[in-house]
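Colleague: I have a new model open and don't know my way around it yet. Can you walk me through?

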Amino acid sequence: METIQGLKRTNYCGELRAADEGREVTLFGWVQRQRDLGQLIFVDLRDRTGIVQLAFDEATDRDIFDKAFTLRSEYVVAARGTVRIRSSKNPELPTGDIEIAVCELRILNKAETPPFEIVENSGTAELTRLKYRYLDLRRPDLQRNLLMRHRIAKVTRDYFDSQGFIELETPMLIKSTPEGARDFLVPSRVHQGEFYALPQSPQLYKQLSMVAGFDRYMQLARCFRDEDLRADRQPEFTQIDLEMSFVDVEDVLAIGEGFMKTLFKEVLDVDVPLPLPRLSYNEAMARYGSDKPDTRFGMELIDLSEAVAGCGFGVFTSALEAGGTVRCITAKNAVATLTRKEVDKLTEMVRGIGARGLAWARWTPEGVASSFAKFMSEEEMTRLLTAAGAEEGDVVLIVADKTRVTLPVLGALRLAVAEKLGIERKGYNLLWITEFPFFEWNDETEQYDAMHHPFTSPLDESIPYLDSDPDKVYAKAYDLVLNGVELASGSIRITDPDLQAKMFRALGLSDEEAAEKFGFLTNAFRFGAPPHGGMGIGLDRLVMQMLEANTLRDVIAFPKVQNMTEPMTDCPAPVDPVQLLDLGLVVKTEENDG
């Protein structure tokens, strides 16, 4: 292995252009490939900015030429030479007009043959690539993703700084408090039998920062939730967290909108028109069957309840008599794609997510075929199809059930049908969802659960219904949605001690339980808490959406896989028994359990 003594990098590989012809440059990087043409050797040298061609020919010193002959993929090298115009240009490379005539070459480190080729859009199995993530991260597409993430983080800090926000760090070891998901717990060595928790969010500390008088707080905060993974969820994630004093909902939304406009313009050169569209929770559910709707395409839900009232089909009428609803989506020009076989698959899908079944009508050139035609008169069928906005070539898919079942089932069905039809979903559709219900009914426990953390303020006009009619209580809460993905969630907080105590009781917490779990915050509010509110914006999801990546793993340097392990380091893993002894812990196994 040679050293870099005496050599200093003048440029990155991807920076050089024809305007640099004649310049002497020094480059460092990894060998992408070596091509031996006998009297000519070409080496593609790669770093995080791109690839440039190194050239060795009859004018090259023989020792250097022979050294170039030994180069293999992923060798780490230093090269000094002169920029010249290539005789055979490569229009696919930004540096494709030039090459480097090398006069000095040093091999800084050799490399074994990697387990997969370091190329864009690798076809190698993801688990293998994650096992060697440090090699996977050399791929240009992943490096571009993480460089974009860096750019987004920088624009974020600059924007909030320009708006008077102060970046404060909150603790990683905190008290375990109920926040919806399971906590990751950290045992204390000093206080054996007691535990810290890793924060699911900095919620309580950022509210205390408002009590402390910092007025505007932000942080790129690391958060942790012990929950099952999916494409847009990791156990550890980063949140753009913010809180503001002396504000109402409009102030917080204005800051969020300004951030999105600035971010998309500076990073993607995309203009985001303001103000962003807004839908109330109820309107979003009624139109899209989702509180995070993808509004880049139509196929909105249609209420057929009035059109089918009193019809001959018992499934429809019994749902209405039970206080439910009959709704549909109409897939335009879909009859060729949504065959009977495909509709059967969709029926199984909706049964798997809570529906009893799926009624359908396919309007073919031969006429209307339907799963319920024999139960309805021609007039009733015509009324239904008219209400559904159906024409020849369309497929109408109908769910009849309780409203809280029908809407989300059709929302999921809408996305599945769009996928089957290949409906184009381009661009960036941002919108706010506002006025969320404060409570949601839990069929299993037969009681109301909170939809938000217990410090979310109800709408002023909802307060009288807290004790008498939970269905009428709505929150000063808001979500920011991008292309069907929840990017941010926030609310105006409760600072009135009496209202806070009332909310705790409404959520089933006794005064003693509330004091034990949240006493440090409610005590702080006794000393002059300003009205405040804020939100948390998921940085990982934001980057994923802006890059149109398929999974969070493509925008996180060292992610976990679905079973919450990291293949590269094989964590989690057992620890030395001495460490457990220091913590006063014993791991139960089948052997020592009985």
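Modeller: Let's start with a term. Two strands pair if DSSP finds at least two bridges between them. By that rule β10 pairs with strand β22, residues 532–538: seven bridges join them, and they run antiparallel. Bear in mind that this is a predicted model.

Colleague: Which residue of β22 is the bridge partner of serine 245?

Modeller: Histidine 532.

Colleague: Back up a bit. How many helices and strands does the chain have?

Modeller: There are 16 helices and 22 strands. The C-alpha trace spans about 95 × 75 × 60 Å along its principal axes.

Colleague: And what share of the residues counts as buried?

Modeller: 46% of the 594 residues. The chain exposes about 29700 Å². Carbon and sulfur atoms supply 49% of that area.

Colleague: What about contacts between residues far apart in sequence?

Modeller: Take the contacts with a separation of 6 or more. Residues 24 or more positions apart account for 67% of them.

Colleague: Charges next. How many positive and negative ones are there?

Modeller: 69 positive and 95 negative. Their mean positions are 4 Å apart.

Colleague: OK, back to the strands. What is the order of the sheet that holds β10 and β22?

Modeller: It is an open sheet of eight strands, with the order β6-β9-β10-β22-β21-β20-β17-β11. The pairing is mixed.

Colleague: Which are the edge strands?

Modeller: β6, residues 166–167, and β11, residues 278–280. Each of these pairs on one side only.

Colleague: Start at β6, then. How does it join β9?

Modeller: Through two bridges, with the strands running parallel. β9 covers residues 216–224. Isoleucine 166 stands opposite tyrosine 217 of β9.

Colleague: And how do β9 and β10 pair?

Modeller: In the antiparallel sense, over nine bridges. β10 covers residues 236–245. Tyrosine 217 turns up again here: its bridge partner in β10 is glutamate 243. For methionine 218, the partner in β10 is leucine 242.

Colleague: How many residues of those two strands are buried?

Modeller: In β9, seven of nine. In β10, nine of 10. Both strands are mostly covered.

Colleague: What packs against them?

Modeller: Helix α5 is one element that does. Its buried residues pack against β9, β10, α14 (511–525) and β22.

Colleague: Which residues of α5 are buried?

Modeller: Gln203, Leu204, Lys206, Gln207, Ser209 and Met210. The helix runs over residues 203–211.

Colleague: What comes just after α5?

Modeller: Glycine 213, which takes a positive phi of about 95°.

Colleague: Changing topic. How many disulfides does a search of the whole structure find?

Modeller: Zero. A disulfide is a covalent bond between the sulfur atoms of two cysteines.

Colleague: Why is cysteine 13 not in a bond?

Modeller: Because the closest cysteine sulfur, in cysteine 103, is 15 Å from its own, too far for a bond. The cut-off for a disulfide is 2.5 Å. Cysteine 13 is also buried, with a relative accessible area of 0%.

Colleague: And cysteine 311? What is the distance to the nearest cysteine sulfur?

Modeller: 13 Å, to the sulfur of cysteine 328. Cysteine 311 is in no disulfide. It is buried, with a relative accessible area of 8%.

Colleague: One last spot. Where is proline 454?

Modeller: In the loop between β19 (447–450) and β20 (477–482).

Colleague: Buried or exposed?

Modeller: Buried. Its relative accessible area is 10%, and buried means under 20%.

Colleague: Which residues does proline 454 touch?

Modeller: Leaving out residues up to four places away in sequence, proline 454 touches Ile494, Gln500, Met503, Phe504, Leu507 and Phe518.

Colleague: And how does proline 454 sit relative to threonine 70?

Modeller: Their C-alpha atoms are separated by 66 Å. Along the chain, the two are 384 residues apart.

Key
Residues are numbered from 1 along each chain as its sequence is written. This is a predicted model: local features need pLDDT of at least 70, side-chain atom pairs count only at pLDDT 80 or more; totals for chains, interfaces and linings use all residues. Side-chain values use heavy atoms; hydrogens and water are left out. Helices (H or I, at least four residues) and strands (E, at least two) are DSSP runs, numbered from the N terminus. Buried means under 20% relative accessible area, exposed over 50%, partly exposed in between (1.4 Å probe, protein chains only). Contact means heavy atoms within 4.5 Å. Accessible areas come from the Shrake-Rupley method with a 1.4 Å probe; for residues, only the protein chains shown count as cover. Lys and Arg count as positive and Asp and Glu as negative; His and the chain ends are not counted. The place of a charge is taken as NZ of Lys, CZ of Arg, CG of Asp or CD of Glu.
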